Structures are given as structure tokens and as C-alpha cells.
Amino acid sequence: MLVQLRRMIAGALIFFGMGNGCESSRIGPTGILVATVGSIPFSDSGWLVSDDGSAEKQVLTPSNGKSYPYAFGRSMAGPFLVVIHQAVGTSTKDALWNMSVNFTNPNLLLGCDSTFRSQGGGTFDPANKQIAFVGTTASQSNYAVWVCDIESGKVQQISFPKGDQTWDNYPTWTPDGKNVLYLRVSQQPGARTLVSNLWATPLGSGGVSAMVSSAPIAAFCVSSDGGSIAVLTTDGLDLFSWPNFVLQRSLVSWQTLSGFTYNGGGMAFAADPARIIIPFSQGQTTHIVSVDVTTGTVSDLRQLPGRATSIAWLSK
């Protein structure tokens, strides 16, 4: 089935959902990292939200000619991968930077940046020694997935979208570091309808990229033990086993989720208790929504200004 998609930075699929609000408190020892895109140029920001949604803190603040449309981390202690969007002469450039605790000391990932006309979202491998990210070179028209060794700067392309109307996005490592999962988005020439599928590339064994499921998938995330994948589809939010991708159970239907729009940003698998954290939109506001994996309970944790472009769960 085809899914209606809006081509924003990520080429994000559109769906619908619901929500409410919270009061404020402190952040930690775990939290949620969110990047949002504003309605005017250079207004992209990074936010830390407490795991229960009771508090927020802006940790990446845009300035004249510089903003932050993407942020990723695994731990509150860092490190963090951040896309910095900045003016360069009469044009703009998006590049991945490495930041330490408290989102300070930004450093370019030397060797991992030199090949690319533009870089998008990226994630560390479980050991924080490699990154998987999307990028375009001077000879490419759309994003492909690349892997770079942080120490050596060696870069390898691992996904190969074909044609101008196909691109890859949201690369995610499996916890064992053996696979990179990502979404492949395609648009038929002259059509406004797009389809997005989940793909996987096995690493280190000469494996070939393959589609995981032919069903359209808007967003996905992997559990910390690597045994489950949550996916957002035209039916709602479902939980599948990995690596055989067999349905474990349906968590929430779209009949339950009514009133919001999913405009991209991905999803995150949170722990203690196990929850799926999803950014939904309502106008120019992002609602950080939690779905309990055991009970299917939906909670609207927090509202942030702008449209979410990335989300990550930060452990202790």
C-alpha cells in the first residue's frame, strides 16, 4: 500500500495521532534528545526532555547563520552527533560534528566529512567507534548511507539507491553492531505519492543490502537487546521480532491515535519501562508521545516548538 509522504529534510511520511501536556521538573539521569526545525531559516534547535516529560532544556541554540537540525546520542554523558547547518559564503552547508558532554567542544569528524557535499542524520555504533550516516557527494543527487571509522576516517558506502527519485534515511545500528537498518524512500516520476520501506545492510561479511519488509514503514526503532523492532505503518504502531521480522503484537492502532500528524523525526526505544517514543506534530508544535510496550498505554509527555527531525533515548 502506498503511503502519503511530505518531502521535508528526511522525506518524512505523514500519519495521524493524539496528546496532552505536563508540568516542569529536573532532567536526568536518563532523557530524550530531540531536534526541531523552526518555521524560518536558521531556527533549528536541540532539546533535552526528561524521561517522564516533566522538564525540558534547550541544549543547542541557533544563532545568526548557524542552527542544529539533527542530534543523536546513546547516553546523557555523550558523545553526541550533531548536524550543523550553517551559512558558507552565499550558500549553506550541512555537516556532522562530534560534541562532548553538555554539547560542548564541537569537532568535525576528520576523514568522515571530506567526501561529502552534504551530510544528514547519523548514529554511533554500539562501541562509539564508527558512525553510520546519510550523505551526498558531488556526483550524487540523493542521500545514501555511509559508514565511517572515527579513528581512521575510512569511509564506505553501504547503500545504493537507484535513480533521482530514491533516497535513504534514518540509519540505525543493531545492538550487536552487525547490521545497519535504514528507510528507503521512493517516488514515482510525476507522482506525489511516495513509498518507504525498511532495508538492512549486514556489515563485515560482504553481505548485500536487502529489503526487510515490502510493507510501507514510516519510522522504526530497535530495542536495546536487539530482539525487537517497533515500526510505524498504515495500521499503527506494531512490534516485530528481529532478525526474522515476525509480528509479535500490535501496540496501538491509528483509530486510537487520532488528531496528530507524523512528519518525520524517527522513533526511539526507551527502557525502564520499555516504551516507544515518537514525535507527532500538531501545527508548528511537536508532541513527544510515549507508548508503553507492555500495556500499549499512550502518554503525551511534552510539547516543543517546531517540527521534530530527530529523536534519541539517552541512558545513564
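## Close-up views of a predicted model

**View 1. Strand β11 is largely enclosed by the rest of the structure.** Let us begin inside this predicted model. Strand β11 covers residues 130-136, and because 6 of its 7 residues are buried, the strand is largely enclosed by the rest of the structure. Here a residue counts as buried when its relative accessible area is under 20%.

**View 2. Strand β11 pairs with β10 and with β12.** Strands of a sheet pair through backbone hydrogen bonds, and the pairing can be parallel or antiparallel. Strand β10 (residues 118-124) runs antiparallel to β11, with 5 bridges between them. To find one of the matched positions, look for phenylalanine 124, whose bridge partner in β11 is isoleucine 131. β10 and β11 form a hairpin with 5 residues between the strands, and asparagine 128 in that hairpin takes a positive phi near 60°. The pairing of β11 with β12 is antiparallel too, over 6 bridges. In that pairing, valine 134 faces valine 145 of β12 as its opposite number.

**View 3. Four strands, β6-β7-β8-β9, make an open sheet.** Which strands form the edges of this sheet? They are β6 and β9 (104-108), and each of them pairs on one side only. The pairing throughout is antiparallel, and the twist averages 35° from one strand to the next. Starting at the β6 edge, you can follow 6 bridges from β6 to β7 (residues 80-88). Tyrosine 70 has valine 83 of β7 as its bridge partner. Valine 83 also stands opposite leucine 96 in β8, which makes this residue a handy landmark for moving on to the next pair of strands.

**View 4. Two hairpins connect strands of the open sheet.** β7 and β8 (residues 91-100) are joined by 9 bridges and run antiparallel. Just 2 residues lie between these strands in their hairpin, and glycine 89 in the turn has a positive phi of about 65°. Next come β8 and β9, which pair in the antiparallel sense over 3 bridges. Here tryptophan 97 stands opposite leucine 108 in β9. The hairpin of β8 and β9 has 3 residues between its strands, with asparagine 102 in the turn showing a positive phi of about 65°.

**View 5. Arginine 302 and glutamate 56 form a salt bridge.** How many salt bridges does a search of the whole structure find? There are 2. In the one shown here, the closest N and O atoms of arginine 302 and glutamate 56 are 2.9 Å apart. The pair links distant parts of the chain: arginine 302 sits in strand β25 (residues 298-305) and glutamate 56 in strand β5 (residues 56-60), 246 residues apart. Is arginine 302 buried or exposed? Its relative accessible area is 11%, so arginine 302 is buried. Glutamate 56, at 30% relative accessibility, counts as partly exposed.

**View 6. Arginine 184 and aspartate 168 meet in a salt bridge.** The distance from N to O in this pair is 2.8 Å. Arginine 184 belongs to strand β15 (residues 179-187) and aspartate 168 to strand β14, so their contact ties together parts that are 16 residues apart in sequence. Both arginine 184 and aspartate 168 are buried.

**View 7. The largest pocket has a volume of about 750 Å³.** Its lining is made up of 36 residues, and those closest to the centre are Phe72, Arg74, Val222, Ala268 and Phe269. Several strands give two or more residues to this lining: β6 (66-73), β14 (166-173), β18 (219-222), β22 (268-270) and β26 (307-314). You have already met β6 as an edge strand of the open sheet. Sorted by class, the lining of the largest pocket holds 23 nonpolar, 11 polar and 2 charged residues.

**View 8. The second largest pocket has a volume of about 280 Å³.** Which residues are the closest to the centre of this pocket? Of the 19 lining residues, they are Gln156, Gln157, Ile158, Leu203 and Gly204. The elements that give two or more residues to this lining are β12 (144-149), β13 (155-157) and β16 (194-202). Among them is β12, the strand that pairs with β11. The lining of the second largest pocket divides into 8 nonpolar, 9 polar and 2 charged residues.

Definitions and conventions:
Residues are numbered from 1 along each chain as its sequence is written. This is a predicted model: local features need pLDDT of at least 70, side-chain atom pairs count only at pLDDT 80 or more; totals for chains, interfaces and linings use all residues. Side-chain values use heavy atoms; hydrogens and water are left out. On a 1 Å grid over the protein atoms alone, a cavity is a set of points where a 1.4 Å probe fits but cannot get out, and a pocket is an open set with protein on both sides within 12 Å along at least five of seven lines; lining residues have an atom within 4 Å of a point. Grid points are joined across faces, edges and corners, and a volume is the space filled by probe spheres set on the points. Ala, Val, Leu, Ile, Met, Phe, Trp, Tyr, Cys and Pro count as nonpolar, Asp, Glu, Lys and Arg as charged, and the others, Gly among them, as polar. Two strands pair if DSSP finds at least two bridges between them. Axes are lines fitted to C-alpha atoms, for helices over the stretch in contact, and angles run from 0 to 180 degrees between N-to-C directions. A salt bridge is a side-chain nitrogen of Lys or Arg within 4 Å of a carboxyl oxygen of Asp or Glu. Buried means under 20% relative accessible area, exposed over 50%, partly exposed in between (1.4 Å probe, protein chains only).
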